[in-house]
There are 2 protein chains.
Amino acid sequence: MTDRAAADGFEDWLRDRVPERGLRPKAAAVLEVLLTQPRRASFGSTVELAQLAGVNIATVTRTAQALGFAGWPALQQELRARYLSSLSAPQVAAEHHGVGSPGAASLRRDLDSLAVLNRRFDESVVATIAHAVAEARRTIVIADGSYAAVGIALAHNARLAGYDVLAVTAGDAELANAVASLDSRDVLIAISFWRLYESTVLAANEARSRGARVFAVTDAASPALAGAAEEIVLVPAEGVAFFPSLTAGMAVAQAVVAQLATVDPARTAASIEAAEAMWSKFGLLHRRPTQGT
Amino acid sequence: MTDRAAADGFEDWLRDRVPERGLRPKAAAVLEVLLTQPRRASFGSTVELAQLAGVNIATVTRTAQALGFAGWPALQQELRARYLSSLSAPQVAAEHHGVGSPGAASLRRDLDSLAVLNRRFDESVVATIAHAVAEARRTIVIADGSYAAVGIALAHNARLAGYDVLAVTAGDAELANAVASLDSRDVLIAISFWRLYESTVLAANEARSRGARVFAVTDAASPALAGAAEEIVLVPAEGVAFFPSLTAGMAVAQAVVAQLATVDPARTAASIEAAEAMWSKFGLLHRRPTQGT
DNA sequence: ACAGATCCGCAAGAGTCTTTGCATTTCTGT
DNA sequence: ACAGAAATGCAAAGACTCTTGCGGATCTGT
């Protein structure tokens, strides 16, 4: 792994504290959370960390002690210092400006796009969409071409949050069937970019005429979609290569789900819990988040 | 302490909370500490802040309330979000909208994550992966759970660029078949987050033992995957809700494809042209790139 | 200088967080 | 499969934090 050099001494530093014997399973789960969610770990209490790692709060304290600290507060203090410096220190390294690989250029472009998106962002639109989904009987997400990925992500996480959201990406036949079942209790979200697929526009108009609420996520306010959609979220999608970038669209999908998850927190919490139980039951996870049986 | 520069981000924001009447002397002293020592303010307790400002702890609470917050914890939470943002994305001055909705918070978090990713980014790793894909007979992308979306995007765009890249997300049976066909001429890219799906790890190890080149995109350097992978790309995936954020992972996928598209520009150009011709022929696009009918 | 109002510190009360002893479950080697 | 050891969850105890009522101190306008 070549992240070493440029990286946070953060991860290396933390892994170096692991005692010879290694860590027990649950302690390893806690360590994993420390590494993957340093922000929360820096601020959170033992209760929050325990929930994230799927362990008892006592295990959090014991893990901190196993890593050579007096307790959680002591570890957390070090964590803060390391994490904050990892945020600000390599600032200099970001000045690659001059030349760079296409990969690096793509990343910088995405960063810019996200900054633009953030600046133009209208919370109320996302809130409207989230509420519409929450109130709907069901939601259909149509997304063609490469944007199918964004639609799948949106639908997947929304389902995890406890709502009936289906991504339709398999082609016109499935699309036709899905739209045929829509009525005024439903919501349709069309995700599409510049060169709109014909069927997306057709589906949006058809859904609208059936009384469903229609929203669009796109990179250009096309009149065709504007006519059908109640609200439109504009995302910058310019990529460095021929391909439009999906990164900003994905960020919008995440924002919608984040908003959706707070509409009915109890419902979402129950749904997630049920999903975790299923994962455990099916043995899907490499490291189980077991709450203790 | 060089916190000065970093403070610029939220200085205006914080000053805007000051009520018409202005602040009393001691409250102003507290505010001064917040502005000049944001780091300590973000983490410290009322006791620490009171000492720094030379006031009583009660004054700290009252100052927070005078600024329009329920109390010190509420103010501190806002402070943290602003301060961390100013650390990781100082070039972005998007302080207009408040920390308000979860949707907006999600977006900002993604922006931070991307900034961190950009900083830690190692071009050579992405270049290695791109070249491996370009030289391979075929490439299999395995991605489970919500990360399937990233895998689908990567495979889709890579195919568009003219390479045989297949995303396997449909389940263990398909995964087993796909891995069974791998040999030393092939590449496998595993995309997964910390709670690795069991089958992802199995597939990666199996592919490795069959001689395929294996790469991983993940949010934690898990020993399980590290053993199988030639290179690992670490992406920050911390989201605001329960769900990990896919945005940074998507940015990496875009970067890989952007890099891949430049390995053999002629091949990619020909592939795109062919794809466009097909789209036209099938009448897929709402607005044709060539000319509208 | 005085009266009224405001500000500020003190201290108590309610709540939260962290640690640790104990019991149960899970793992390991024979 | 069994016995010992390790790990983990539960729950209580102790420490700390935040808020708020109250009284003394300071300021302002006359």
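In this predicted model, four helices each supply at least two residues of the surface near DNA strand D: H3 (25–36) and H6 (57–66) of chain A, and H5 (57–66) and H6 (72–88) of chain B. H5(B) provides the largest share, five residues. In total, 19 residues surround DNA strand D. Those that come nearest are A:Thr59, B:Thr46, B:Thr61, B:Arg62 and B:Gly71. By type, the residues of this surface divide into seven nonpolar, seven polar and five charged.

The backbone of DNA strand D supplies much of the contact. Of its atoms within 4 Å of the protein, 75% belong to sugar or phosphate, and the rest belong to bases. Several polar contacts involve phosphate oxygens of the strand. The side chain of A:Thr59 places an N or O atom 2.8 Å from one phosphate oxygen. For the side chain of B:Gln65, the corresponding distance is 3.0 Å. B:Trp72 uses a backbone N or O atom instead, 3.2 Å from a phosphate oxygen.

DNA strand C is surrounded by 20 residues. The closest are A:Thr46, A:Thr61, A:Arg62, A:Gly71 and B:Thr59. Of the atoms of DNA strand C that come within 4 Å of the protein, sugar and phosphate account for 73%. A polar side-chain atom of A:Thr46 lies 2.3 Å from a phosphate oxygen of this strand. For A:Thr61, the distance from a polar side-chain atom to a phosphate oxygen is 2.8 Å. B:Arg62 reaches a base: a polar side-chain atom lies 2.9 Å from a base oxygen of DNA strand C. Two or more residues of the surface near this strand come from each of H6 and H7 (72–88) of chain A and H2 (25–36) and H5 of chain B. H6(A) gives the most, with five residues. The residues here divide into seven nonpolar, eight polar and five charged.

Helix H9 of chain A covers residues 123–135. At 1.5 Å a residue, its 13 residues should span 18 Å, and the end C-alpha atoms are indeed 18 Å apart. The buried residues of H9(A) include A:Val125, A:Val126, A:Ile129 and A:Val133. A:Glu123 is also buried.

Over all chains, the count comes to 14 salt bridges. In one of them, the side chains of A:Arg137 and A:Asp183 meet at 3.7 Å, N to O. A:Arg137 lies in the loop between H9 and strand S1 (139–143) of chain A, and A:Asp183 in the loop between helix H11 (172–180) and strand S3 (187–191), so the pair ties together parts 46 residues apart in sequence. Both residues are partly exposed, A:Arg137 at 35% relative accessibility and A:Asp183 at 21%. A network of salt bridges links these two residues with A:Arg185 and A:Asp186.

In chain B, B:Asp186 forms a salt bridge with B:Arg137, with the closest N and O atoms 2.7 Å apart. The two residues lie in separate loops, so the pair ties together parts that are 49 residues apart in sequence. B:Asp186 is buried, with a relative accessible area of 1%. B:Arg137 is partly exposed, at 38%.

B:Glu230 forms a salt bridge with B:Arg213, and here the closest N and O atoms are 2.7 Å apart. B:Glu230 sits in the loop between helix H12 (223–228) and strand S5 (231–234) of chain B, and B:Arg213 in strand S4 (residues 213–218), 17 residues apart. B:Glu230 is partly exposed at 31% relative accessibility, and B:Arg213 is partly exposed at 30%.

How values were computed
Residues are numbered from 1 along each chain as its sequence is written. Chains are lettered from A and ligands numbered from 1 in the order in which they are written. This is a predicted model: local features need pLDDT of at least 70, side-chain atom pairs count only at pLDDT 80 or more; totals for chains, interfaces and linings use all residues. Side-chain values use heavy atoms; hydrogens and water are left out. A residue is near a molecule or strand if one of its heavy atoms lies within 4 Å of it. A polar contact is a pair of N or O atoms within 3.5 Å; within protein, one must be able to donate a hydrogen and the other to accept it, and residues adjacent in sequence count only if both atoms are side-chain atoms. Ala, Val, Leu, Ile, Met, Phe, Trp, Tyr, Cys and Pro count as nonpolar, Asp, Glu, Lys and Arg as charged, and the others, Gly among them, as polar. The expected span of a helix is 1.5 Å times one less than its number of residues. Buried means under 20% relative accessible area, exposed over 50%, partly exposed in between (1.4 Å probe, protein chains only). A salt bridge is a side-chain nitrogen of Lys or Arg within 4 Å of a carboxyl oxygen of Asp or Glu.
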